[in-house]
Amino acid sequence: MAVVEILEFPDSRLRTVAKPVSKVDERVRQIIDDMFDTMYDAPGIGLAASQINVHEQIVVIDVSDDRSEPLVFINPEITVLDEETFEYDEGCLSVPGFYETVVRPQHIRVKALDRDGKEFVMEPEGLLAVCIQHEKDHLLGKLFVDYISPLKRNRIRGKMDKLHKQKSS
Ligand code: QAP
Ligand code: CO
């Protein structure tokens, strides 16, 4: 069991674009295990490897109430199926304490590899569809606060900077 440190906004390392995983082996499965330990400990519903300073395309998610449905997405590819959108008050383990409404496509298809390196396709709905898009953004160096107004984003940055200064003094 390894709970690891989660990078927090506005850490510039969160802006790194993740590389695809070329081989799903024991090394990758170790990263996945650390990610689940860290996400369940937080607790959170989704975590991208970028958030633990591993810049490879790995996402873990569990949106179930009893934390019994772990999902792994390696090298996830998202296609938008239609024009419909969905609004959700999103949060992020890298921006703790802040929630903002984000509008995203509602109907998507996701193609990815599982923890055995086997390809699968799913058409997620509701919170799971939101969460996968949020986590895929992390792999691209993007955060949910990028979708809100610069004024709100700068306010959050100011508060996070203050928190980080308090922690380090
Ligand atoms: C991403 O976020 C997500 O502020 C996953 O104090 C969130 O697990 C996708 C968390 C909402 C879609 C909708 C946030 C924990 C967890 C906090 C999370 C906090 C403690 C966030
Ligand atoms: Co996040």
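Visitor: Is valine 130 buried or exposed?

Guide: This is a predicted model in which local features need pLDDT of at least 70 and side-chain atom pairs count only at pLDDT 80 or more, while totals for chains, interfaces and linings use all residues. Residues are numbered from 1 along each chain as its sequence is written, chains are lettered from A and ligands numbered from 1 in the order in which they are written, and side-chain values use heavy atoms, with hydrogens and water left out. Under 20% relative accessible area a residue is called buried, over 50% exposed, and in between partly exposed (1.4 Å probe, protein chains only). Because valine 130 has a relative accessibility of 5%, this residue counts as buried.

Visitor: Which residues is valine 130 in contact with, leaving aside its neighbours within four places in sequence?

Guide: Valine 130 has its place in helix 2, where helices (H or I, at least four residues) and strands (E, at least two) are DSSP runs numbered from the N terminus. Contact means heavy atoms within 4.5 Å, and once the neighbours within four places are set aside, the partners of valine 130 are Phe86, Tyr88, Glu90 and Arg104.

Visitor: Which residues coordinate the cobalt ion (ligand 2)?

Guide: Donors are N, O and S atoms within 2.8 Å of the metal (3.2 Å for Na, K and Ca), and since water is not among the atoms, sites may look incomplete. Along the chain, the donors of this cobalt ion follow the spacing C-x41-H-x3-H. Histidine 134 and histidine 138 are both buried, and they lie 4 residues apart, about one turn, in helix 2 (residues 126-139). At 2.1 to 2.3 Å, the cobalt ion (ligand 2) is coordinated by Cys92 (SG), His134 (NE2) and His138 (NE2).

Visitor: Why is there no bond between the sulfur of cysteine 131 and the closest cysteine sulfur?

Guide: A disulfide is a covalent bond between the sulfur atoms of two cysteines, and here the term is used for a pair of cysteine sulfur atoms within 2.5 Å. Cysteine 131 is buried, with a relative accessible area of 5%, and cysteine 92 also counts as buried, at 12% relative accessibility. The closest cysteine sulfur to that of cysteine 131 belongs to cysteine 92, and it is too far for a bond because the distance is 9.7 Å.

Visitor: Which element gives the largest share of the largest nonpolar core?

Guide: A nonpolar core is a set of buried Ala, Val, Leu, Ile, Met, Phe, Trp, Tyr and Cys residues joined through side-chain atoms within 4.5 Å. The largest one has 18 residues, and among those that touch the most other members are Val28, Leu47 and Ile74. Two or more residues come from each of helix 1 (26-41), strand 2 (58-61) and strand 3 (71-80). The largest share, 6 residues, comes from helix 1.
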